[in-house]
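Student: Could you take a close look at one strand of this model? Tell me what surrounds it, and what else stands out along the chain.

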Amino acid sequence: MEFIDEKIQIYSELHTSVESELLKKINRDTYADVLAPRMLSGQMQGRILSMYSKMINPRTILEIGTYTGYSAICLAEGLVPDGRLITMDINEELEERVTAYFEAAGLTGQIDYRIGNALELLPELQGPFDLVFIDADKENYQHYYNLVLDKMPSGGIIIADNVLWSGKVLGDGPKKMDKDTQALIEFNDFVQNDDRVENVLIPVRDGLMVIRKK
């Protein structure tokens, strides 16, 4: 995930708005108690998600991949007062923890937290969604993209995480390409050639693909 000089990274974080005390707690708890803590968005990416949400001021947000709830809370910061965020994750073992974080954030009335397979849950949703964050299993990124794009208005934004996959999308490593890497390469190429959208791949953290529906 490290693409820039460590000193530049530290300087950037020192000149980025700080996370709330609750988000700091979620960060600490995740690294102490949960498997694969690097999946958590963290301060820099969390503030980016919050900033995009506040600029869009969405009424409806969809998140595919809740993990420990950090990114959902960041995204919810930009919701209109009566707005709603639907977040889904397949890991039911984290449900009690995540629900407690949402309660602590005072967001239980705005966040609809669902446990299940996103490929089965998404067709049931009506939309429209002003902002979508995709941060789940990489093999299904393109499926998620296709399932949500038609449920978004013109100007709607999709943000997909991990699209650089620690640089493995360059395909120049010594090992055979794994399924996740291949899926992300195909997703990035598909978005790049999709005339329904305009996009920019931002090399921050593990890569964010920001996509705007025309």
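Tutor: One definition comes up throughout. A residue is buried under 20% relative accessible area, exposed over 50% and partly exposed in between, using a 1.4 Å probe and the protein chains only. The model is predicted, so local features need pLDDT of at least 70, side-chain atom pairs count only at pLDDT 80 or more, and totals for chains, interfaces and linings use all residues. Numbering runs from 1 along each chain as its sequence is written, and side-chain values use heavy atoms, without hydrogens or water. Helices (H or I, at least four residues) and strands (E, at least two) are DSSP runs, numbered from the N terminus.

Start with β1, residues 60-64. Are its residues buried or exposed? Of its 5 residues, 5 are buried, so the rest of the structure largely encloses this strand. Look at the two directions. Thr60, Leu62 and Ile64 point one way from β1. Ile61 and Glu63 point the other way. Buried status applies to all of them, Glu63 included. In a regular strand, side chains alternate between the two faces of the sheet.

Now the neighbours. Strands pair when DSSP finds at least two bridges between them. β1 pairs with β2, residues 84-89, in the parallel sense over 5 bridges. Leucine 62 of β1 faces isoleucine 86 in β2. β1 also pairs with β4, residues 131-134. That pairing is parallel too, with 4 bridges. There, isoleucine 61 stands opposite leucine 131.

Follow the chain from β1 to β2. Helix α4, residues 70-76, joins these two strands in a right-handed β-α-β unit. Right-handed means this: with the strands pointing away from you, the path from the first strand over the helix to the second runs clockwise. Continue to β3, residues 111-115. β2 and β3 run parallel and share 5 bridges. Threonine 87 has tyrosine 113 in β3 as its bridge partner. β2, α5 and β3 form a right-handed β-α-β unit.

Next, the core. A nonpolar core is a set of buried Ala, Val, Leu, Ile, Met, Phe, Trp, Tyr and Cys residues joined through side-chain atoms within 4.5 Å. Which members of the largest one touch the most others? They are Ile26, Ile73, Leu75, Leu85, Phe102, Ile111 and Ile159, out of 32 residues in this core. At least two core residues come from each of α2 (21-33), α3 (42-56), α4, α5 (95-104), β3, β4, β5 (157-161) and β7 (208-213). The largest share is from α4, with 6 residues. So the helix that links β1 to β2 is also the one that gives the most to this core. Nonpolar side chains tend to be buried together in soluble globular proteins.

Three backbone spots deserve a check. Most residues other than glycine have a negative phi, and most peptide bonds are trans. The bond from glycine 127 to proline 128 is cis, with omega near -5°. Proline 128 sits in the loop between α6 (118-121) and β4. That loop leads into β4, one of the strands paired with β1. Tryptophan 165 is not a glycine, yet its phi is positive, near 50°. The loop that holds tryptophan 165 lies between β5 and α8 (179-192). At 19% relative accessibility, tryptophan 165 counts as buried. Arginine 205 also has a positive phi, about 50°. Find arginine 205 in the loop between β6 (197-202) and β7. Its relative accessible area is 21%, so arginine 205 is partly exposed.

Finish with two helix positions. Alanine 100 lies in α5, the helix of the β2-α5-β3 unit. With 38% relative accessibility, alanine 100 is partly exposed. How far is alanine 100 from alanine 118 in space? Their C-alpha atoms are 22 Å apart, for 18 residues in sequence. Aspartate 180 belongs to α8. It is partly exposed, at 25% relative accessibility. From aspartate 180 to aspartate 130, the C-alpha separation is 27 Å, across 50 residues of chain.
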